[in-house]
Amino acid sequence: MINELQMLENEETESEDLVQHPQAVETLFVNEFIDGILDPQQKMLGPVKDGGTIIANTTPGCWGPMLTPTIRGGHEVTKPVFVEGAEVGDAIVIKIKSIQVTSIATASGHDEVIPDRFIGDPFVSVKCPGCGKLHPSTVVKGIGRQAIRCSTCDTETSPFNMTNGYTMALDHKGNIGVTVGREGARRIALDAKNYMRTPENSVQNPVVALAPSDLIGVMARMRPFLGQLGTTPSKAMPDSHNAGDFGSFLIGAPHEYAFTQTELDTHRTDGHMDINRVREGATIICPVKVPGGGVYIGDMHAMQGDGEIAGHTTDVAGIVQLQVSVLKKVALDGPILLPNTEDLPYTAKPFTKEEKRRARELAEEFGVKQVEEVFPVSIVGSGTSLNEATTNAISRAARLFEMSEPEVMNRATITGSIEIGRHPGVVTATFQVPKAVLKKARIYKPVKKQYD
């Protein structure tokens, strides 16, 4: 009898282990989304194998979730994915294999907040001005700026106005977008989800329902990239606030996701970058602050200049393919970006054979025995201002490469650049880093693979 009970207990234990530790897959298809909160306590998708592939159908970013109070983070990113073998203190290398826009129209514009419709933060804690409900469920009634209504009391509930906005039709070849007039915007708004190609599991209200048309006949080149790509923070936070600039709104906030500055610096992973170089062909090396890393994706943009100065750009749905691999014992404060060669500053582009030959000759003339073998690296920094973000990037680079901050600044000045990702406070410090230093920091292999 005892043996039979032991066998049953063993079978139950084995069954529990199978539930808790499912077999890692080579390719994981993702079409599930969070409610705007990146929570390390929530179950992740996967696991996916170290070296495996993630394919995701992502939802549009900013404006749709901003018009949907039940989404509490400003974005609607994918559920995080557990990467096999990723432990706290490691890093995850994410290679962007492809990005394909599926939306055939979108809308965007500059925003202003409506003070009586939120508590502390319009991205996080929306309050219906009619019935007073927090995070009210909503419906879309008609089109135009009054279209987002509370399901309970039928009051218009969006906490944002679009002060100058546009509706843009997108070329089916993925090359060009053109802003349309009032009738075109109306036509798109009346069939909003179809034009946005919003994924089935998305709950956001489509922004094109607002039918903005302040800009007409503006042509823009498409170059899609991911505004959100990273790993899960080690404390629950709104997804759009996972960076030093937007994250500052959480400090002392009057809602449940309040942080101190120390907590923000400790837990954030800067997955919300809005850097337009995070596009097909680029590689991101991300910190692992929770077991499995928790890779998440979202906020695809059809195009954007440096800075995203209007605060928003052309949010679209799309299909993304990523390859993920684990770097053991590489403890990072924030992401490292390895852009496509053509996206690097002129001073940071890999040297040609002829340039290296001439450098060696010049060095010999002045008694320098060896010229550094170097590769470009972009260190992401964020803060409440561009100055603070720059300081953050330089500080992170100095710690990672065991250099003094003045040395980092010198190298970034003559072999790289400080580039704006998002105004008010995301930048990259890009510069050429010696091979020996990259090896010591344990990131040489992915850097070499990107540029050699």
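**Salt bridges, a four-stranded sheet and some unusual backbone spots**

In this predicted model, E263 has a relative accessible area of 26%, so it counts as partly exposed. The side chain of E263 makes a salt bridge with K235, and the closest N and O atoms of the two are 3.2 Å apart. E263 sits in helix α5, while K235 sits in the loop between β12 (225-230) and β13 (237-238), so this contact ties together parts of the chain that are 28 residues apart in sequence. K235, at 27% relative accessible area, is partly exposed as well. As a general point, side chains of opposite charge can pair when their charged atoms come close. The structure holds 26 salt bridges.

Two further pairs are worth a look. E342 and R279 meet through their side chains in a salt bridge, with 3.3 Å from N to O. That pair links distant parts of the chain, since E342 lies in the loop between β17 (336-338) and α6, R279 lies in the loop between α5 and β14, and 63 residues separate them. Their surroundings are not alike: E342 is exposed, with a relative accessible area of 53%, whereas R279 counts as buried at 11%, because buried means under 20%. E342 and R279 also belong to a network of salt bridges that takes in R223 and D343.

The other pair is R399 with D333, where the closest N and O atoms are 2.7 Å apart. R399 is in helix α7 and D333 is in the loop between β16 (318-327) and β17, so the bridge ties together parts that are 66 residues apart in sequence. R399 is partly exposed at 47% relative accessible area, and D333, at 33%, counts as partly exposed too.

Stepping back to the overall build, the protein has 10 helices and 20 strands. Its radius of gyration is 23 Å, close to the 22 Å that the globule rule gives for 452 residues, so the protein is as compact as a globular protein of that length. The C-alpha atoms fill a box of roughly 80 × 80 × 45 Å along the principal axes. Of the 452 residues, 56% count as buried.

One part of the fold that is easy to trace is an open sheet of four strands, in the order β6-β9-β10-β11, with antiparallel pairing. The edges are β6 (105-113) and β11 (219-221), each of which pairs on one side only. On average, neighbouring strands here are turned by 30° against each other, direction ignored. The antiparallel strands β6 and β9 are joined by nine bridges, and H110 stands opposite N164 in β9. On the other side, three bridges join β9 (residues 160-170) to β10 (residues 176-179), again antiparallel. Here A169 has V178 of β10 as its bridge partner, and M168 stands opposite T179 in β10. Strand β9 is mostly covered, with eight of its 11 residues buried.

Between β9 and β10 the chain makes a hairpin with five residues in between, and G174 in that turn has a positive phi of about 75°. At 26% relative accessibility, G174 counts as partly exposed. Although G174 and P224 are 50 residues apart in sequence, their C-alpha atoms are 8.7 Å apart in space.

Some other backbone spots stand out too. Most residues other than glycine have a negative phi, and most peptide bonds are trans. D274 goes the other way, with phi near 55°, in the loop between α5 (261-267) and β14 (283-287). E402 also has a positive phi, of about 55°, although it is not a glycine, and this residue lies in the loop between α7 (386-401) and α8 (405-414). The two sit in opposite settings: D274 is buried, with a relative accessible area of 1%, while E402 counts as exposed at 58% relative accessibility.

As for cis peptide bonds, one joins G46 and P47, with omega of about 10°, and P47 is in strand β3 (residues 45-58). Another runs from H423 to P424, with omega near 25°. P424 is found in a loop, the one between β19 (417-422) and β20 (426-434).

Finally, the surface carries a nonpolar patch of about 330 Å², made by L362, F366 and V368. Of these, L362 has its place in helix α6 (residues 353-365).

Definitions and conventions:
Residues are numbered from 1 along each chain as its sequence is written. This is a predicted model: local features need pLDDT of at least 70, side-chain atom pairs count only at pLDDT 80 or more; totals for chains, interfaces and linings use all residues. Side-chain values use heavy atoms; hydrogens and water are left out. Two strands pair if DSSP finds at least two bridges between them. Helices (H or I, at least four residues) and strands (E, at least two) are DSSP runs, numbered from the N terminus. Axes are lines fitted to C-alpha atoms, for helices over the stretch in contact, and angles run from 0 to 180 degrees between N-to-C directions. Patches are made of residues with over 30% relative accessible area and no salt bridge: like charges are joined within 9 Å, nonpolar side chains (Val, Leu, Ile, Met, Phe, Trp, Tyr) within 5 Å. Accessible areas come from the Shrake-Rupley method with a 1.4 Å probe; for residues, only the protein chains shown count as cover. The radius of gyration is taken over C-alpha atoms; the globule rule is 2.2 Å times the number of residues to the power 0.38. Buried means under 20% relative accessible area, exposed over 50%, partly exposed in between (1.4 Å probe, protein chains only).
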